[in-house]
Amino acid sequence: MTTATKQDKTIDAYLATIPATHRAALKKLRGQIKKLYPKAVEHISYGMPLFKLHGHPLAGFRAAKRHSALFVWSSTALGTLGDMLDGYDTAQSTIRFAPDKPLPERIIKSVLGARAKEIKDRWGRKA
């Protein structure tokens with residue numbers, strides 16, 4: 001559906017290009033990530049908004065035709081959440097959700113916490 005273009009150099013520019021049906025949920029998700037990890041650096045990478053923690057991908061998001069998605073670039077972070085993701089369409093490092101049903105903050109906090117711990121454990125930085 002929508003991917004970042006050369007004109008989309010900021011997350012604000014990216015959000016301006018996606019349908020309003022997806023925009024509110026992704027703006028909320030962005031705000032939640034910034035609140036939980038204020039030191040994470042945001043930019044456009046991999047064709048989507050991305051947040052890096054200590055130089056390593058923490059999370060990204062994207063709008064698709066029928067869903068929105070949160071990406072964590074980890075093959076194990078989602079597996080640490082047990083049944084918390086029951087009812088969501090997931091892949092190895094992705095949670096897909098309906099644009100009109102944003103992810104609950106407890107899920108965002110848990111998955112980003114797991115990813116931040118991986119960053120700390122792997123690269124030795126305080127997450």
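**Figure 1. The side chains of Glu118 and Arg115 meet in a salt bridge, 3.2 Å from N to O.** This close-up comes from a predicted model. Both partners belong to helix H3, where Glu118 and Arg115 sit 3 residues apart, about one turn of the helix. An α-helix has 3.6 residues a turn, so residues three or four places apart point the same way. Are these two charged residues buried or exposed? Glu118 is buried, since its relative accessible area of 19% falls under the 20% cut-off. Arg115 is buried as well, with a relative accessibility of 6%.

**Figure 2. Lys117 and Asp121 form another salt bridge of helix H3.** Here the closest N and O atoms are 2.6 Å apart. Lys117 and Asp121 are 4 residues apart in the helix, and therefore about one helical turn separates them. Asp121 is exposed, because its relative accessible area is 54% and the cut-off for that class is over 50%. For context, the whole structure holds 6 salt bridges.

**Figure 3. Helix H3 runs from residue 105 to residue 123.** How far apart should the ends of this helix be? With 19 residues at 1.5 Å a residue, H3 should span 27 Å, and its end C-alpha atoms lie 26 Å apart, so the two values agree. Along the helix, the buried residues are Ile107, Ile108, Val111, Leu112, Ala114, Arg115, Ala116, Glu118 and Ile119. Which elements cover them? The cover includes helix H2 (20–36) together with strands S2 (48–53), S3 (56–63), S4 (68–71) and S6 (94–97). Follow the chain just past the end of H3 and you reach Gly124, which has a positive phi of about 70 degrees.

**Figure 4. Leu58, Phe61 and Leu112 touch the most other members of the largest nonpolar core.** This core has 32 residues. The elements that contribute two or more residues to this core are helix H1 (11–17), H2, S2, S3, S6 and H3. Which element gives the most? That is H3, with 7 residues. In soluble globular proteins, nonpolar side chains tend to be buried together.

**Figure 5. A closer look at Leu112, one of the buried residues of H3.** Setting aside neighbours within four places in sequence, what does Leu112 contact? Its partners are Ile33, Leu36, Tyr37, Leu58, Ala59 and Val72. Among them, Leu58 is, like Leu112 itself, one of the core residues that touch the most other members.

**Figure 6. Asp12 and Arg30 join helices H1 and H2 through a salt bridge.** The N to O distance between these side chains is 2.6 Å. The pair links distant parts of the chain: Asp12 lies in helix H1 and Arg30 in helix H2, 18 residues apart. Arg30 counts as buried, because its relative accessibility is 12% and the cut-off is 20%. Glu42 enters the picture too, as Asp12, Arg30 and Glu42 are linked in a network of salt bridges.

**Figure 7. Phe51 has its place in strand S2.** With a relative accessibility of 1%, Phe51 counts as buried. Which residues touch Phe51, not counting those up to four places away in sequence? They are Ile11, Arg30, Ile33, Lys34, Ala40, Val41, Glu42, His56, Pro57, Leu58, Ala59 and Phe61. Notice that Arg30 and Glu42 on this list also belong to the salt-bridge network with Asp12. Phe51 and Tyr37 are 14 residues apart in sequence, and their C-alpha atoms are 9.1 Å apart in space.

**Figure 8. The views above belong to a chain of 3 helices and 6 strands.** From the N terminus on, the order of elements is α-α-β-β-β-β-β-β-α. For 127 residues, a compact globule would have a radius of gyration near 14 Å, and the chain has 14 Å, so the two agree. Its C-alpha trace spans about 35 × 30 × 25 Å along the principal axes. Of the 127 residues, 42% count as buried. Among contacts with a separation of 6 or more, 51% come from residues 24 or more positions apart.

**Figure 9. Confidence along the predicted chain averages a pLDDT of 90.** A score of at least 70 is reached by 91% of the residues. Where does pLDDT stay under 50? That stretch is residues 1–6, for which the model has 19 contacts beyond four places in sequence.

Technical notes
Residues are numbered from 1 along each chain as its sequence is written. This is a predicted model: local features need pLDDT of at least 70, side-chain atom pairs count only at pLDDT 80 or more; totals for chains, interfaces and linings use all residues. Side-chain values use heavy atoms; hydrogens and water are left out. The expected span of a helix is 1.5 Å times one less than its number of residues. Buried means under 20% relative accessible area, exposed over 50%, partly exposed in between (1.4 Å probe, protein chains only). Contact means heavy atoms within 4.5 Å. A nonpolar core is a set of buried Ala, Val, Leu, Ile, Met, Phe, Trp, Tyr and Cys residues joined through side-chain atoms within 4.5 Å. A salt bridge is a side-chain nitrogen of Lys or Arg within 4 Å of a carboxyl oxygen of Asp or Glu. pLDDT is the predictor's confidence in each residue, from 0 to 100. The radius of gyration is taken over C-alpha atoms; the globule rule is 2.2 Å times the number of residues to the power 0.38.
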